[in-house]
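Colleague: Let us go through this model by question and answer. Please show the sequence and structure first.

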Amino acid sequence: MPLPAGEKETRFEEVDNRGSGRLRADRDQQDGQKYNIILQLGLRSPMTRAICSDERILTLIEDLVQPGIAIYSAKMVEKPPYDDTVCHWHQDDAYYQQTSHSDCRMSIWLPLTDCDETNGCLWTVPGSHKQGLQEWTKRAFGFCNLAFKDGLAQLDGAIPVRIAAGDILLFHALTWHRSLSNQTDHTRRSFIVSYQDAEAIKGNGPQHKILRAA
Ligand SMILES: O=C(O)CCC(=O)C(=O)O
C-alpha cells in the first residue's frame, strides 16, 4: 500500500525519530541489550494511536478481521546498525494463543526505513498459515524465541520481503516469519500492529483496544 506523496517524509519519519529517542533511553536502562521494543503504541501518543487506527488500514483488513476490529498489540521493533541479533522463525499465535484465541488475527508490518536482506527485512513462507500452529520451543538466545524447533518446519518456500518505508506487509498470526541481522550502518525500525476480532477475549494486557464494535 504505497503512501500518498509527502506522508512518508512527514508522518513516518517523525515516528521514526521519536522512536529513536525513546529506544535510546530504554537501551540505557536495559544495560546494553541491543534489540529494542517499545510496546503499547496503540495507547502512547496521538501519532502512534493514529497509525494503529488509520481508516486505510482498517479498510484493508475489515473483510478478514471480523466481527469488529480490536488491537491485540502494537509495538516498534528496532535493529541497530551492525547487529547480529536474530528474530527466529516463529508464528505470532504461539504467543497470542497464551492469552486468548481468535481465528482472524493479523498483523501489519510497517517499516520506517526501506528494508531488504542487508538490514534485517522480514522473511515469510507464503501460505504457511494454512498449516495451523506448529510445535515450538522456548529458545535461550535471540528474539522471537517461542520459535520452531530445528528441522521441524519446511522452509523451502521462504522469501525475503523487500519493502519500502511506509508500505505495509499484512500477514496472518499463523504465518511463519523471521528477521535476520542488520549489516548496514543505519538503524532498521518497524511498526507492528496486531489486530483481532472485537469478540476475542482481551489482548496483550492494557494494549487491547476495540476500534470497531462487533
Ligand atoms: O521486526 C522484526 O524484526 C520481526 C518482529 C517479529 O516478527 C515479531 O515481533 O513477532
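Colleague: Which strand pairs with β8 in the antiparallel sense over 2 bridges?
Modeller: Strands are DSSP runs of E with at least two residues, helices are runs of H or I with at least four, and both are numbered from the N terminus. Two strands pair if DSSP finds at least two bridges between them. Thr124 stands opposite Ile159 in β8. The strand that pairs with β8 over 2 bridges, in the antiparallel sense, is β5 (residues 122-124).

Colleague: What pLDDT do local features need?
Modeller: Residues are numbered from 1 along each chain, as its sequence is written. The model is predicted: totals for chains, interfaces and linings use all residues, side-chain atom pairs count only at pLDDT 80 or more, and local features need a pLDDT of at least 70.

Colleague: Which strands stand at the edges, each with a single partner strand?
Modeller: The open sheet has 4 strands in the order β3-β10-β5-β8, with antiparallel pairing. One side of each edge strand has no neighbour in the sheet, because each has a single partner; these strands are β3 (87-90) and β8 (159-160).

Colleague: How many of the residues of β2 are buried?
Modeller: A residue is buried if 20 or more other C-beta atoms, placed from the backbone, lie within 10 Å of its own, exposed if 12 or fewer do, and partly exposed in between. Over the chain of 214 residues, 37% count as buried. β2 is largely enclosed by the rest of the structure, because the buried residues number 10 of the 11.

Colleague: How many bridges are there between β2 and β11?
Modeller: β2 (69-79) runs antiparallel to β1 (residues 36-38), and 3 bridges join them; Asn36 has Glu78 as its bridge partner in β2. Another 3 bridges join β2 to β12 (residues 209-212), again antiparallel, with Ile69 opposite Arg212. In β11, Ser194 is the bridge partner of Ser73. The antiparallel bridges between β2 and β11 number 9.

Colleague: Which strand gives the most to the largest nonpolar core?
Modeller: A nonpolar core is a set of buried Ala, Val, Leu, Ile, Met, Phe, Trp, Tyr and Cys residues joined through C-beta atoms within 7 Å. The largest has 29 residues, of which Ala70, Ile71, Ile108, Trp109, Phe191, Val193 and Tyr195 touch the most other members. At least two residues each come from β2, β4 (106-111), β9 (169-172) and β11. With 7 residues, the strand that gives the most is β2.

Colleague: How many residues are in the other core?
Modeller: The other core lies apart from the largest one, and Val86, Trp136, Phe148 and Trp176 are among its members. Its residues number 10.

Colleague: Which residues does Trp109 touch, not counting those up to four places away in sequence?
Modeller: Two residues are in contact if their C-beta atoms, placed from the backbone, lie within 7 Å. With residues up to four places away left out, Trp109 touches Leu122, Leu169, Phe171, Ser190 and Ile192.

Colleague: Which elements give two or more residues to the shell around the ligand?
Modeller: The shell consists of Val77, Cys87, Asp92, Gly120, Leu122, Cys144, His177, Ser179, Ser190 and Ile192, where near means a C-beta atom, placed from the backbone, within 6 Å. It divides into 5 nonpolar, 4 polar and 1 charged; Ala, Val, Leu, Ile, Met, Phe, Trp, Tyr, Cys and Pro count as nonpolar, Asp, Glu, Lys and Arg as charged, and the others, Gly among them, as polar. The elements that give two or more residues are β10 (177-179) and β11 (188-196).

Colleague: Is Cys144 buried or exposed?
Modeller: Cys144 is found in the loop between β6 (136-138) and β7 (146-148). Its phi is near 50 degrees, a positive value in a residue other than glycine. Because 20 other C-beta atoms lie within 10 Å, Cys144 is buried.

Colleague: Is Tyr82 buried or exposed?
Modeller: Tyr82 lies in the loop between β2 and β3, and its phi is also positive, near 50 degrees. Because 11 other C-beta atoms lie within 10 Å, Tyr82 is exposed.

Colleague: Where in the chain is confidence lowest?
Modeller: The pLDDT, the predictor's confidence in each residue from 0 to 100, averages 85 for the chain, and 83% of the residues score at least 70. It stays under 50 over residues 27-34. Where pLDDT is low, the predicted coordinates should not be read in detail. Confidence is highest in β5, at 97, and lowest, at a mean of 56, in helix α1 (residues 7-29).
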